[in-house]
Amino acid sequence: MSEIPLVIDNGSYEIKFGFANSSRPFRSLNTLGKDKYDALYLGNQIKNIKDISAVTLHRPHKLGQLTSWELQSCLWDYCLYNPDEFDGFHLDNSIRDTHLVTNETCLTIPELSKNMDQVIFEEYEFVSLYKAPSMAYIPFASLNNNNNNSGSDDNDTDNNNTIIFDKGKIEQTNSNIMSLDDSKNRKEYRDFQLVVDSGYNCTWVCPIIKGIPYYKAVKKLDIGGRFLNGFLKETLSFRHYNMMDETILVNNIKEKCLFMSPLSYFDSFKNRMDKSLQYVLPDFHTSFLGYIHDPQDPGDSSKLPSNAQTITLVDERFMIPETFFHPEMAKLLKPGLVETILESISMLPELLQPLMVGNIVCTGGNFNIPHFVSRLTNELQRQLPTDWNCRIITNKKDNELSNWYAMSEFATTDAYKSVRITREEYWEHGIEWCTKNRFGYQNWI
């Protein structure tokens, strides 16, 4: 029996999976696609669709909750038993001897959480299971990485108190900030962190105290990658072409073209023409997803076909992600990200509030948007007392993988071995015992 557990970050947009000692996880889209010819595509097969127009996507997550294990099981089978797609990764018959570390949505409905336990132990028959919300693993990140030491840091001074770390190299934008890995005070987890996880479905703000989510202060913002896609669809359909059915195309435009206003929306709006660009729509002969065309580059103008269809993106580039701070721009009458974080902090014990403000961690794919973290730091600092210092930790790149790396490092700790549920315990105590005593959040409220 191998003691190295399998780590599955079961995100609503993408599944990241691999053994805990892997340098990088395998990745698969967590969706089922159907094109206009009724052909079905599973996971990464969607990337091979030639005609992406009118592709319908079906996801196992609804409103942030994992509701369809019929579809999720098919996607897990595609990931775990498909060596041709994932460089020979294949569990075969060894799954009965494999430990599993996975995650679930914060504040998952108990009945849906029980469904997950039942599938993992009764259908897949893993030898043990530990699951928790993605944010609960973040305090374990980078503490056991021996490459992160204070001797190899690069100290650069900036106005923003933002720590950017990237697998063995820490770039600090404030020279008075300590290294993430202090060898003199080495322990399994960091005691106090405020985790902001912005994914495909929504954005969670979750304080972690002594390795346990403080559920009384957990807040949810109903803006994520899917919301940005929908808002961008409406904007492009109103200003350019009808793209309400072009989910894959719009998602690619979002990932390639959008950025956050570094200072403020009004500052970027004044200089909006300087940031405009042309996006060439796919013709399904030379391009299937389209590409960015720079009209100011004389060497690039000759590459643009005479019959190419283009759209000029101006203020759409920064207006769409601006809804994180001003949801009223999308007619969403709810607090923005800054107000949501401040509301979560206000529900913490008074002595912990300035400590949490100085230990904010941003994870999730939305933080790959350029200037997002620095803008959030500035906006938060304006709203906080003057003697509080706002510091944000984030990955240098690939923020969508932050949770998987944290989960894989948690799987190497002694704490993991003491809290996981074995298959024998599941059969002995039953599914109700697992939810009530280990995986349920009700006991912590």
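**Exercise 1.** In which sense do strand 18 and strand 19 pair, and over how many bridges?

*Solution.* Keep in mind that you're looking at a predicted model. Start by finding strand 18, which covers residues 277-280. Next, follow its pairing with strand 19: the sense is antiparallel, and there are three bridges. For one concrete pair, go to V280, whose bridge partner in strand 19 is Y291.

**Exercise 2.** Work out the order of the strands in this open sheet, then name its edge strands.

*Solution.* First, a bit of background: strands of a sheet pair through backbone hydrogen bonds, and that can happen in a parallel or an antiparallel way. Here, three strands make up the open sheet, the order is 19-18-20, and the pairing is antiparallel. Now look for strands that pair on one side only: these are strand 19 (291-293) and strand 20 (310-313), the edge strands. Finally, check the twist: on average, neighbouring strands of this sheet are turned by 35° against each other, ignoring direction.

**Exercise 3.** Find out which strands helix 4 lies across, and give its angle to strand 18.

*Solution.* Pick out residues 247-257, which form helix 4. This helix lies across strand 18, strand 19 and strand 20. As for direction, helix 4 runs at about 150° to strand 18.

**Exercise 4.** Zoom out and describe the protein as a whole.

*Solution.* Begin with the elements: the protein has 14 helices and 23 strands. Then turn to burial: of the 445 residues, 55% are buried, meaning under 20% relative accessible area. Last comes the surface: the accessible area is about 20600 Å², and carbon and sulfur atoms hold 49% of it.

Note on methods
Residues are numbered from 1 along each chain as its sequence is written. This is a predicted model: local features need pLDDT of at least 70, side-chain atom pairs count only at pLDDT 80 or more; totals for chains, interfaces and linings use all residues. Side-chain values use heavy atoms; hydrogens and water are left out. Two strands pair if DSSP finds at least two bridges between them. Helices (H or I, at least four residues) and strands (E, at least two) are DSSP runs, numbered from the N terminus. Axes are lines fitted to C-alpha atoms, for helices over the stretch in contact, and angles run from 0 to 180 degrees between N-to-C directions. Contact means heavy atoms within 4.5 Å. Buried means under 20% relative accessible area, exposed over 50%, partly exposed in between (1.4 Å probe, protein chains only). Accessible areas come from the Shrake-Rupley method with a 1.4 Å probe; for residues, only the protein chains shown count as cover.
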